[in-house]
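Reader: I've got the sequence and the model open side by side. Can you walk me through it in questions and answers?

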Amino acid sequence: MNLQGFGVGSRVAIGNAVRMPAPLPEPKDTGFSGDVAAEQERAKASIATVQSDLATRATAAEGSLKEVLDAQSMMAADPTIAQMVTDAIAGGKTAERAVFEAFASYAETLKALGGYMAERVTDLNDISQRIRADLSGVPVPEVPRRDEPFILVAVDLAPADTSKLDLDKVLAFVTRDGSPKAHTGIIAAEKGLPAVVAVSGADDIVEGQRLVVDAGQGLVIVDPTDDEVAAAEAEQQRQAEIEAAPLEPGALADGIPVALLANVGKPADAQAALEYGAEGVGLFRTEFLFLDRDEAPSKEEQTADYTAMLEPFAGKKVVARVLDAGADKPLTFLNDAEEANPALGMRGIRILREKEHLLRDQLEAMRDAQEATGAELWVMAPMVADAADSEYFTALGREVGLSVVGSMVEVPSAAVVAEQVLETSDFVSIGTNDLTQYALAADRVLGTVAGYQDPWHPAVLRLIGMIGEAGARTGKPVGVCGEAAADPRLAVVLIGLGVTSLSMAPPALAGVRASLKEHTLEGARAIAARVVAASSAAAARAAF
Ligand code: PEP
Ligand code: MG
């Protein structure tokens with residue numbers, strides 16, 4: 001039986017299924033007639049236990065996981081929720097029921113906000129379960145432990161579960177819900193753990209069943225044949241060889257260089273980027289440093305952060321993006337307006353133009369960090385819509401004293417007028433995540449439309465081809481820094497369409513490096529011509 005979902009990473013795993021225990025049932029609303037104050041104390045104690053447990057785990061974790069656990073511990077400590085629980089118990093509910101209702105109502109509020117906030121619902125449900133398990137004295141339904149390696153199958157996984165995955169034992173995971181760009185997917189990508197999410201048939205997988213998880217294809221094979229297992233083993237062998245290959249600079253078979261760069265969010269990511277052989281940074285998402293802030297960071301603080309980020313890259317290129325606020329990355333100090341469609345609202349450069357003093361502070365901090373470190377700093381603006389936006393940003397960057405100033409192309413209008421955008425920029429970098437979201441009108445964090453969020457779609461690739469042609473006409477660099485660059489085959493198509501550098505999560509670098517080496521520029525162009533002529537994403541993959 002073959003089950004289709006959405007893959008995270010490109011690795012293959014073979015193993016037996018272990019099912020995640022079912023979530024705790026909804027506590028019955030039986031009413032409570034005992035000692036209200038004692039019941040309120042019982043609830044408070046369990047909330048405090050879970051909060052401190054999450055905080056302890058955050059201290060031991062790293063990367064995105066640490067951020068998520070920290071955020072969870074803060075949510076558990078939220079006085080609004082505590083008050084809701086206390087009130088509900090006073091109104092005649094048991095502590096278990098009160099906790100369930102308080103977190104459920106908070107989750108509804110987040111869901112209504114959409115985007116990044118809605119993604120937090122899984123985190124919140126997880127906290128609710130942990131508190132209720134503590135109250136009832138039952139184990140938290142969490143990742144099972146086994147002596148033998150296994151493939152974890154779950155309805156969904158919370159980041160707190162992902163934190164406990166023993167990478168020596170968990171070979172891969174499969175979930176029924178989730179979307180590849182939600183937290184659990186992002187953490188899996190950072191760990192290099194293969195995963196397939198949003199697999200609608202995942203509930204039918206039985207404990208102990210043999211599985212092949214092919215993240216590159218987004219495929220789960222249940223009870224594979226001997227031939228299917230042999231093919232998966234051959235693919236694992238091929239990938240192991242690729243990962244063991246020397247960390248050379250990126251180049252095509254005919255020696256034409258293609259810089260392979262890393263996507264990073266904070267100074268701690270620099271190490272992984274260099275270990276995986278990144279030639280520099282192609283996307284430094286500066287807003288990731290400030291997602292939890294109510295007030296804008298000072299220029300001094302920013303200078304210190306950017307200096308720490310640039311230091312390991314002295315003599316190398318670092319493309320830093322100015323704050324990309326909005327939708328899935330809310331920064332309340334830039335935009336706290338209620339917007340019905342935040343992805344179409346005051347995002348990126350649009351809001352920075354309104355708050356130019358903050359943009360200017362950031363650009364000055366970047367300039368000072370560059371001077372302090374000797375990294376080759378390129379700066380770019382997100383969500384540029386047309387040449388008016390790029391002209392504005394380039395002029396401001398020059399005024400501040402930055403030497404290389406560019407534009408992201410992730411809004412379809414900017415792709416259509418790419419030549420005008422390039423004439424008013426030193427370079428462009430294509431954000432394929434947003435370009436795909438906007439070209440196909442499919443919310444990038446919504447699992448139900450994940451099928452439309454496919455950068456192999458010929459409409460997206462034709463837009464990229466237009467940008468590549470404009471790059472050739474103007475003689476300026478065209479990079480890609482969205483997830484598409486991390487797909488080894490799609491990377492070849494992008495080069496064939498005129499892209500000149502690729503930036504991705506560091507674990508993806510080896511696969512892309514190997515893939516580029518198999519094709520000449522002429523070969524990549526021939527493949528790209530076939531792929532853009534296809535009539536669907538599936539047909540485009542088949543035409544490679
Ligand atoms: C993109 O949109 O592809 C991109 C690189 O930026 P982000 O994912 O941070 O929006
Ligand atoms: Mg983007």
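Reader: Where does Val493 sit?
Author: This is a predicted model, so that goes for everything we read off it. Val493 has a relative accessible area of 0%, so it counts as buried. As for its place in the fold, that is helix α19, residues 488-496.

Reader: How far is the C-alpha atom of Val493 from that of Trp456?
Author: Along the chain, Val493 and Trp456 are 37 residues apart. Through space, their C-alpha atoms are separated by 9.3 Å.

Reader: On to the metal. Which residues coordinate the magnesium ion (ligand 2)?
Author: The contacts to the magnesium ion run at 2.0 to 2.1 Å, through an OE atom and an OD atom. The OE belongs to Glu410 and the OD to Asp434. These two come from distant parts of the chain, 24 residues apart: one is in the loop between β13 (404-409) and α15 (412-416), the other in helix α17 (residues 432-439). In that order, they are Glu410 and Asp434.

Reader: Is Glu410 buried or exposed?
Author: Buried means under 20% relative accessible area. Glu410 comes in at 2%, so it's buried. Asp434 also has a value of 2%, so the call there is buried.

Reader: Which salt-bridge network has Asp434 in it?
Author: Two of its links can be spelled out. Arg321 and Asp324 meet at 3.6 Å, N to O, and Asp324 also meets Arg347, at 3.4 Å. The linked residues are Glu287, Arg321, Asp324, Arg347, Asp434 and Arg444.

Reader: Are Asp324 and Arg347 buried or exposed?
Author: Both sit in the loop between β11 (317-321) and α12 (348-354), 23 residues apart. Arg321, the other partner of Asp324 here, is buried along with Asp324. For Asp324 and Arg347, the answer is buried.

Reader: How many salt bridges does the count come to?
Author: The rule asks for a Lys or Arg side-chain nitrogen within 4 Å of a carboxyl oxygen of Asp or Glu. One of the pairs is Lys93 with Asp29, the closest N and O atoms being 3.0 Å apart. By that rule the count comes to 32.

Reader: What parts does the Lys93 and Asp29 pair tie together?
Author: Lys93 is buried, with a relative accessible area of 19%, whereas Asp29 is partly exposed at 46%. They are 64 residues apart in sequence, so the bridge ties together two separate loops. Those are the one between α3 (79-90) and α4 (95-113), for Lys93, and the one between β3 (12-19) and α1 (36-60), for Asp29.

Reader: Which residues make up the patch of negative charge on the surface?
Author: Start with Glu295, in the loop between β10 (280-285) and α11 (299-310). Exposed means over 50%, and Glu295 has 63% relative accessibility, so it counts as exposed. The full patch is Asp70, Asp292, Asp294 and Glu295.

Reader: Now the backbone. What is the phi of Asp223?
Author: Most residues other than glycine have a negative phi, so a positive one is worth a look. Asp223 lies in the loop between β8 (219-222) and α9 (226-244), and at 46% relative accessible area it's partly exposed. Its phi is positive, near 50 degrees.

Reader: And what about the phi of Ala441?
Author: Ala441 is in the loop between α17 and α18 (458-474). It has 72% relative accessibility, so it counts as exposed. Though not a glycine, Ala441 has a positive phi of about 50 degrees.

Reader: How far apart are the C-alpha atoms of Ala484 and Thr432?
Author: Ala484 lies in the loop between β15 (478-480) and α19. At 4% relative accessibility, it counts as buried. Ala484 and Thr432 are 52 residues apart along the chain, and their C-alpha atoms are separated by 6.2 Å.

Reader: Last one: how far apart in space are Ala82 and Gln4?
Author: Ala82 lies in helix α3 and is partly exposed, with a relative accessible area of 31%. In sequence, Ala82 and Gln4 are 78 residues apart. In space, C-alpha to C-alpha, they are apart by 41 Å.

Definitions and conventions:
Residues are numbered from 1 along each chain as its sequence is written. Chains are lettered from A and ligands numbered from 1 in the order in which they are written. This is a predicted model: local features need pLDDT of at least 70, side-chain atom pairs count only at pLDDT 80 or more; totals for chains, interfaces and linings use all residues. Side-chain values use heavy atoms; hydrogens and water are left out. Patches are made of residues with over 30% relative accessible area and no salt bridge: like charges are joined within 9 Å, nonpolar side chains (Val, Leu, Ile, Met, Phe, Trp, Tyr) within 5 Å. Accessible areas come from the Shrake-Rupley method with a 1.4 Å probe; for residues, only the protein chains shown count as cover. Lys and Arg count as positive and Asp and Glu as negative; His and the chain ends are not counted. The place of a charge is taken as NZ of Lys, CZ of Arg, CG of Asp or CD of Glu. Helices (H or I, at least four residues) and strands (E, at least two) are DSSP runs, numbered from the N terminus. Buried means under 20% relative accessible area, exposed over 50%, partly exposed in between (1.4 Å probe, protein chains only). Donors are N, O and S atoms within 2.8 Å of the metal (3.2 Å for Na, K and Ca); water is not among the atoms, so sites may look incomplete.
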